[in-house]
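Q: Please take a close look at one part of this model, the metal site, and then follow the chain outward from there. I would like one connected account rather than a list.

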Amino acid sequence: MQDYEGRCHCGAIKFSFRAPNIVDGLRCNCSICTNKGALMSSFLIPQEDLLVEIKQDALATYKFASKVAEHHFCKICGVYPFHHTLRKKGHYRVNLGCVDGINTLELPVDVIDGASL
Ligand SMILES: [Zn+2]
């Protein structure tokens, strides 16, 4: 396990979490993931392990369809830092492109078929 820190582009949303070493990423073919185009963490982070610091009330949330998944984004810079997953209540995936020290262009990528859920 390793400690990681991340932030949106403007830094109004900062987050940290403990997770297995990040050695791959995940993409999804559902409508919103296709729009976002971000590389997500392949692992889920329990809510209690994701520490979030928000300035200027910057965290906004977009929901659609079942409204279970919560797609968070920064009101100031527009970046998606993490989301509450549809797949497991109380768990999050993070945008690996926001995580310090991670080069998303060098990670192998898995794809999940979120469009069929
Ligand atoms: Zn921001």
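A: Along the chain, the donors of the zinc ion follow the spacing C-x1-C-x63-C-x2-C. The model is a predicted one. The four donor atoms are the SG atoms of Cys8, Cys10, Cys74 and Cys77, and they coordinate the zinc ion at 2.2 to 2.3 Å. The angles among these 4 donor atoms run from 106 to 113°, and the site of the zinc ion is tetrahedral. One pair of donors links distant parts of the chain: Cys8 is in the loop between strand E1 (2–7) and strand E2 (13–19), whereas Cys74 is in strand E8, 66 residues apart from Cys8. Cys8 has a relative accessible area of 2% and counts as buried because the cut-off is under 20%. Cys74 is buried too, with a relative accessible area of 1%.

From Cys74 the account passes to the sheet around strand E8. Strand E8 spans residues 70–74 and belongs to an open sheet of 5 strands, in the order E5-E10-E9-E8-E7, with antiparallel pairing. The edges of this sheet are strand E5 (45–46) and strand E7 (59–62), each of which pairs on one side only. In the strand order, E8 stands between E9 and E7.

On the E7 side, E7 and E8 pair in the antiparallel sense over 4 bridges. In this pairing, Tyr62 stands opposite His71 in E8, and the bridge partner of Thr61 is His72, also in E8. On the other side, E8 pairs with strand E9 (residues 82–84), again in the antiparallel sense, over 2 bridges. There, Glu70 stands opposite His84 in E9.

The loops on either side of E7 each hold a residue with an unusual backbone angle. In general, most residues other than glycine have a negative phi. Gln56, in the loop between strand E6 (50–54) and E7, has a positive phi of about 55° although it is not a glycine. Gln56 has a relative accessible area of 68% and is classed as exposed because the cut-off is over 50%. Lys67 is in the loop between E7 and E8. The phi of Lys67 is near 65°, which is again a positive value in a residue other than glycine. Lys67 is exposed as well, with a relative accessible area of 51%.

A link in space leads from E8 to another stretch of the chain. Phe73 and Ala38 are 35 residues apart in sequence, and their C-alpha atoms are 12 Å apart. Ala38 lies in the loop between H1 and strand E4 (40–41). With 17% relative accessibility, Ala38 counts as buried.

Strand E4 brings in a second sheet. This open sheet has 3 strands in the order E4-E3-E11, and the pairing is mixed. E4 and E11 stand at its edges, and each has a single partner strand, so one side of each is left without a neighbour in the sheet. Strand E3 (residues 25–28) pairs with E11 in the parallel sense over 4 bridges. One of the facing pairs is Gly25 opposite Val109 in E11. Val109 belongs to strand E11, which covers residues 109–112, and is partly exposed at a relative accessible area of 39%. The C-alpha atoms of Val109 and Met40 are separated by 9.3 Å, while the two residues are 69 residues apart along the chain.

Helix H1, which precedes the loop of Ala38, also takes part in the largest pocket. This pocket has a volume of about 350 Å³ and is lined by 22 residues. Helix H1 (residues 31–36) supplies 3 residues, the largest share of the lining. Nearest the centre of the pocket lie Cys30, Ala69, Leu86, Gly114 and Leu117. The lining divides into 13 nonpolar, 6 polar and 3 charged residues.

To return to the starting point, the zinc site takes donors from separate parts of the chain, with Cys8 in the loop between E1 and E2 and Cys74 in E8. Strand E8 in turn pairs with E7 and with E9.

Key: Residues numbered from 1 in each chain as written. Predicted model: local features only at pLDDT ≥ 70, side-chain atom pairs only at ≥ 80, totals over all residues. Heavy atoms only, no water. 1 Å grid on protein atoms, 1.4 Å probe; cavity = no way out; pocket = protein on both sides within 12 Å on 5 of 7 lines; lining within 4 Å. Points joined across faces, edges and corners; volume = space filled by probe spheres on them. Nonpolar A, V, L, I, M, F, W, Y, C, P; charged D, E, K, R; others polar. Pairing = 2+ DSSP bridges. Donors = N, O, S within 2.8 Å, 3.2 Å for Na, K, Ca; no water. Tetrahedral: all angles 85-135°; square planar, octahedral: opposite > 155°, others 65-115°. Buried < 20%, exposed > 50% of the residue type's maximum accessible area, 1.4 Å probe, protein only.
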